[in-house]
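Trainee: Could we go through the labels used for this structure and check each against its cut-off?
Mentor: Yes, pair by pair.

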Amino acid sequence: MRCPYCSAPDSKVVNSRPSDDGASIRRRRECLNCARRFTTYERAQLEPLMVAKRSGPREAFNPDKLLRGLTLASEKRPVDPAALRAFAYSFEDEVQTAEIPATEIGRRAMTFLRPLDDVAYIRFASVYRDFDQEFPQARE
């Protein structure tokens, strides 16, 4: 690890322990050149969850995109925004595969919304299931 003070290439680990969240390791280091101490954090770098879109392309999962859809569906409804946020940001941790179809994300989101609020569930389902395409006479 390069020293942030003098840019020397070598340092030694003085202390190592898990960080507060348990997802990373905190290391206290000392530069062998200038003897100054600094802290580094080591975290596992995971491959991103890939989403297989209906139209064919693949893209990295974006929890903000899922949260935006859930938030729009539950707008002006008595749904706790913290519950929506927790679902969207923990979604990737619950999926056990490297790739998931977009339809599966929609299905899981509907399963999550149904017990929370019927109106939010129907709003989300209307976009997810594309009701306008299934019932074109509804537009008229």
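**Labels and their grounds**

Mentor: Val-51 stands opposite Ile-100 in S6. The model is a predicted one.

Trainee: How do strand S4 and S6 run where they are joined, and by how many bridges?

Mentor: Strand S4, residues 50-52, is joined to S6 by 3 bridges, and the two run parallel. Two strands pair if there are at least two bridges between them, so the 3 bridges here satisfy the criterion.

Trainee: What is the strand order of the sheet that holds S4, and what is its pairing?

Mentor: The order is S5-S4-S6 in an open sheet of 3 strands, with mixed pairing. Strands S5 (58-60) and S6 (99-101) are at the edges; each has a single partner strand, so one side of each is left without a neighbour in the sheet. From one strand to the next the twist averages 30°.

Trainee: Which helix lies across S4 and S6, and at what angle to S6?

Mentor: Helix H3, residues 102-113, lies across S4 and S6 and runs at about 70° to S6.

Trainee: Why are H3 and H4 called roughly parallel or roughly antiparallel?

Mentor: Their axes cross at roughly 165° and come within 9 Å. An angle over 145 degrees counts as roughly antiparallel, and H3 and H4 are therefore roughly antiparallel to each other. The crossing of H3 and H4 is left-handed. On the H3 side the contact is made by Thr-103, Gly-106, Arg-107, Ala-109, Met-110 and Leu-113, and on the H4 side by Ala-120, Tyr-121, Phe-124, Ala-125 and Tyr-128. The residues of this contact of H3 with H4 divide into 8 nonpolar, 2 polar and 1 charged.

Trainee: What makes the pair H1 and H4 oblique?

Mentor: Helix H1 (residues 63-73) and helix H4 (residues 118-128) pack at about 125°, with axes 8 Å apart. Roughly perpendicular covers 65 to 115 degrees and roughly antiparallel begins over 145. The angle of about 125° falls in neither range, so H1 and H4 are oblique to each other. The crossing of H1 and H4 is right-handed.

Trainee: Which residues of H1 and H4 meet?

Mentor: From H1 there are Gly-69, Leu-70, Leu-72 and Ala-73, which meet Ala-120, Arg-123 and Phe-124 in H4. The residues of the contact of H1 with H4 divide into 5 nonpolar, 1 polar and 1 charged. Gly counts as polar. Ala-120 and Phe-124 are named in the contact of H1 with H4, and Ala-120 and Phe-124 are also named in the contact of H3 with H4.

Trainee: What is the order of the sheet that contains S1, and how are its strands paired?

Mentor: The order is S1-S2-S3, an open sheet of 3 strands with antiparallel pairing. Strand S1 (11-18) and strand S3 (37-43) stand at the edges, each with a single partner strand, so one side of each has no neighbour in the sheet. The twist averages 25° from one strand to the next.

Trainee: How do you know that S2 pairs with S1 and with S3?

Mentor: S1 and strand S2 (residues 24-31) pair in the antiparallel sense over 7 bridges, and 7 bridges also join S2 to S3, again antiparallel. The cut-off is at least two bridges, so both pairs qualify. Ser-11 stands opposite Cys-31 in S2, and Arg-28 stands opposite Thr-39 in S3. S2 and S3 form a hairpin with 5 residues between them, and Ala-35 in the turn has a positive phi of about 65°.

Trainee: Why is Tyr-41 called buried or exposed?

Mentor: Tyr-41, in strand S3, has a relative accessible area of 56%. Exposed means over 50%, so Tyr-41 is exposed. Leaving aside neighbours within four places in sequence, Tyr-41 is in contact with Ser-19, Ser-24, Ile-25 and Arg-26.

Trainee: What makes the phi of Ser-7 worth a remark?

Mentor: Most residues other than glycine have a negative phi. Phi of Ser-7 is near 65°, a positive value in a residue other than glycine. Ser-7 is in the segment before S1. Its relative accessibility is 42%; this is not under 20% and not over 50%, so Ser-7 counts as partly exposed.

Trainee: Where does Lys-76 lie, and is it buried or exposed?

Mentor: Lys-76 lies in the loop between H1 and helix H2 (81-94). Its relative accessible area is 82%, and the cut-off is over 50%, so Lys-76 is exposed. Lys-76 also has a positive phi, about 60°, although it is not a glycine.

Technical notes. Residues are numbered from 1 along each chain as its sequence is written. This is a predicted model: local features need pLDDT of at least 70, side-chain atom pairs count only at pLDDT 80 or more; totals for chains, interfaces and linings use all residues. Side-chain values use heavy atoms; hydrogens and water are left out. Axes are lines fitted to C-alpha atoms, for helices over the stretch in contact, and angles run from 0 to 180 degrees between N-to-C directions. Helices (H or I, at least four residues) and strands (E, at least two) are DSSP runs, numbered from the N terminus. Angles under 35 degrees count as roughly parallel, over 145 as roughly antiparallel, 65 to 115 as roughly perpendicular and the rest as oblique. A crossing is left-handed if the near helix is turned anticlockwise from the far one by less than a right angle, and right-handed if clockwise. Contact means heavy atoms within 4.5 Å. Buried means under 20% relative accessible area, exposed over 50%, partly exposed in between (1.4 Å probe, protein chains only).
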